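New notebook page, and a structure I have not looked at before. I'll jot down what I look up as I go.

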Amino acid sequence: MNRDGNEWTEKAFAGQKLTMINFWEPWCHGCVEEMPDLNKLYEGYKDQGLLILGVYGSDNSSTDQEISDTIQKTGTTYPNLLYCQEFSVWLDNLLPVTVFLDENGKGVGEPIIGSRSYEEWAEIIEE
């Protein structure tokens, strides 16, 4: 479910060359620190078929206000979804963790644990 209360399904992957799902929480310094770079990546590559989804709330420790404040503070414009059980297949206990999916919602490569810079993410998606 997104911040507006709308449901998202695996149909979101259709038509996208690559979907990047980034699991984050407001208390995670590395998560928040990389969000502006992820947004820059999203703005630069979305017309080339890249969808970035932020997913928060996996541990239920953050308030809605903390989530909203973090998204606003980092200038994030890519969609952010509330964690649901379907995401558990990709989430470990470490944050941030990022996974990539193809247009059919199938995993591409291994999950990436830890934050990265814009340049590092751009190199990964270019591959």
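**A salt bridge and its surroundings**

I started with Glu43, which is partly exposed, with a relative accessible area of 37%. One caution for myself before going on: this is a predicted model.

Next I looked for a partner. Glu43 forms a salt bridge with Lys46, and their closest N and O atoms are 3.2 Å apart. I noted that a pair counts within 4 Å, so this one qualifies at 3.2 Å. Lys46 is partly exposed too, at a relative accessible area of 33%. Side chains of opposite charge can pair when their charged atoms come close. How many salt bridges does a search of the whole structure find? The search turns up one.

**Overall layout**

I then stepped back to the whole chain. I count three helices and five strands in the protein. Reading from the N terminus, I get the order β-α-β-α-β-β-β-α. The protein has 127 residues, and 46% of them count as buried.

**The core**

Which residues have the most contacts inside the largest nonpolar core? I found Met20, Leu41 and Leu50, in a core of 22 residues. Then I checked which elements feed it. At least two residues each come from β1 (18-23), α1 (29-45), β2 (50-56), α2 (64-74) and α3. The biggest giver is α1, with six residues. A general note to self: in soluble globular proteins, nonpolar side chains tend to be buried together.

**A charged patch**

Back to the surface. I found a patch of negative charge where Glu119, Glu120, Glu123 and Glu127 gather. I picked Glu123 for a closer look and placed it in helix α3, residues 118-126. Is Glu123 buried or exposed? Its relative accessible area is 56%, so I put it down as exposed, the cut-off being over 50%. Helix α3 therefore goes into my notes twice: it carries Glu123, and it also supplies at least two residues of the core.

**A loop residue**

Last stop, Asn60. Where does Asn60 sit? I found it in the loop between β2 and α2. Asn60 is exposed, with a relative accessible area of 70%. I also looked up its distance to Tyr83. The two are 23 residues apart in sequence, and from C-alpha to C-alpha they are 9.1 Å apart in space.

Technical notes. Residues are numbered from 1 along each chain as its sequence is written. This is a predicted model: local features need pLDDT of at least 70, side-chain atom pairs count only at pLDDT 80 or more; totals for chains, interfaces and linings use all residues. Side-chain values use heavy atoms; hydrogens and water are left out. Patches are made of residues with over 30% relative accessible area and no salt bridge: like charges are joined within 9 Å, nonpolar side chains (Val, Leu, Ile, Met, Phe, Trp, Tyr) within 5 Å. Accessible areas come from the Shrake-Rupley method with a 1.4 Å probe; for residues, only the protein chains shown count as cover. A salt bridge is a side-chain nitrogen of Lys or Arg within 4 Å of a carboxyl oxygen of Asp or Glu. Lys and Arg count as positive and Asp and Glu as negative; His and the chain ends are not counted. The place of a charge is taken as NZ of Lys, CZ of Arg, CG of Asp or CD of Glu. Helices (H or I, at least four residues) and strands (E, at least two) are DSSP runs, numbered from the N terminus. Buried means under 20% relative accessible area, exposed over 50%, partly exposed in between (1.4 Å probe, protein chains only). A nonpolar core is a set of buried Ala, Val, Leu, Ile, Met, Phe, Trp, Tyr and Cys residues joined through side-chain atoms within 4.5 Å.
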